Amino acid sequence: MAAPAGTTGLRLGRVTSFDATRGLGTVTDDFGAAHAFHATAIADGSRRIDVGTRVSYSLAPGHGGRHEARTVVAFVGPSQDDTG
C-alpha cells in the first residue's frame, strides 16, 4: 500500500542505511517508500543515527525534485512492531 499522493506531513519509518563518513542515509516509511536524508536533518544535532532506529520525520523538496526526509527524530516509546 502506498502513501496517499502528495502527503508530506509527519511520517513514521525506520532508518535503513546510514553512512556516517558521508553523512547520508535512507529512511523507509511504513508504506515502503524510501527517502534520503543528510546527517544535518537529525533533529538532536548528533549527526549520527543507527540503522534500524524507528523515527518520525517530515518530507521536503530536495535535490533533483525528489522529496527528502527532514527533521529526523528517533521514536521514543512503543512502536507497533515491538513484541514486548
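**Strand β4, its partners and the core**

At a relative accessibility of 47%, T71 counts as partly exposed; buried here means under 20% relative accessible area, exposed over 50%, and partly exposed in between (1.4 Å probe, protein chains only). The structure is a predicted model, in which local features need pLDDT of at least 70 and side-chain atom pairs count only at pLDDT 80 or more, whereas totals for chains, interfaces and linings use all residues. Residues are numbered from 1 along each chain as its sequence is written, and side-chain values use heavy atoms, with hydrogens and water left out.

T71 belongs to strand β5 (residues 67–74); helices (H or I, at least four residues) and strands (E, at least two) are DSSP runs, numbered from the N terminus. Its backbone deserves a second look: the phi of T71 is near 50°, a positive value in a residue other than glycine. Most residues other than glycine have a negative phi. R47 is also not a glycine and has a positive phi, of about 65°. R47 sits in the loop between β3 and β4 (54–61) and is partly exposed, with a relative accessible area of 49%.

Strand β4 is a good place from which to follow the strand pairing. Six of its eight residues are buried, so β4 is largely enclosed by the rest of the structure. Two strands pair if DSSP finds at least two bridges between them. By that criterion β4 pairs with β5 in the antiparallel sense over six bridges, and L59 stands opposite A69 of β5. The two strands form a hairpin with five residues between them, and G64 in the turn has a positive phi of about 70°. Strand β4 also pairs with β1, again antiparallel, over four bridges; here G13 has V55 of β4 as its bridge partner.

V55 brings us to the interior. The largest nonpolar core (a set of buried Ala, Val, Leu, Ile, Met, Phe, Trp, Tyr and Cys residues joined through side-chain atoms within 4.5 Å) holds 13 residues, of which F18, F37, I49, V55, Y57 and V72 touch the most other members. Strands β1, β4 and β5 are the elements that give two or more residues to this core, and β4 gives the most, with three. Leaving aside neighbours within four places in sequence, V55 has contacts (heavy atoms within 4.5 Å) with residues that include G13, V15, V27, I49 and V72.

Two of these core residues also meet through their rings. Rings of Phe, Tyr and Trp (its six-membered ring) pair if their centres lie within 6.5 Å; planes under 30 degrees apart count as stacked, over 60 as edge-to-face and the rest as tilted. One aromatic pair results. The ring centres of F18 and F37 are 5.8 Å apart and the planes lie at 10°, so this pair is stacked. Because F18 lies in strand β1 (residues 11–19) and F37 in strand β3 (residues 34–38), the pair ties together parts that are 19 residues apart in sequence. Both rings belong to buried residues: F18 has a relative accessible area of 17% and F37 one of 2%.

Strand β3 also contains H35, which counts as buried at 11% relative accessibility. Beyond its neighbours within four places in sequence, H35 is in contact with R11, G25, T26, V27, D29, Y57, L59, H67 and A69.
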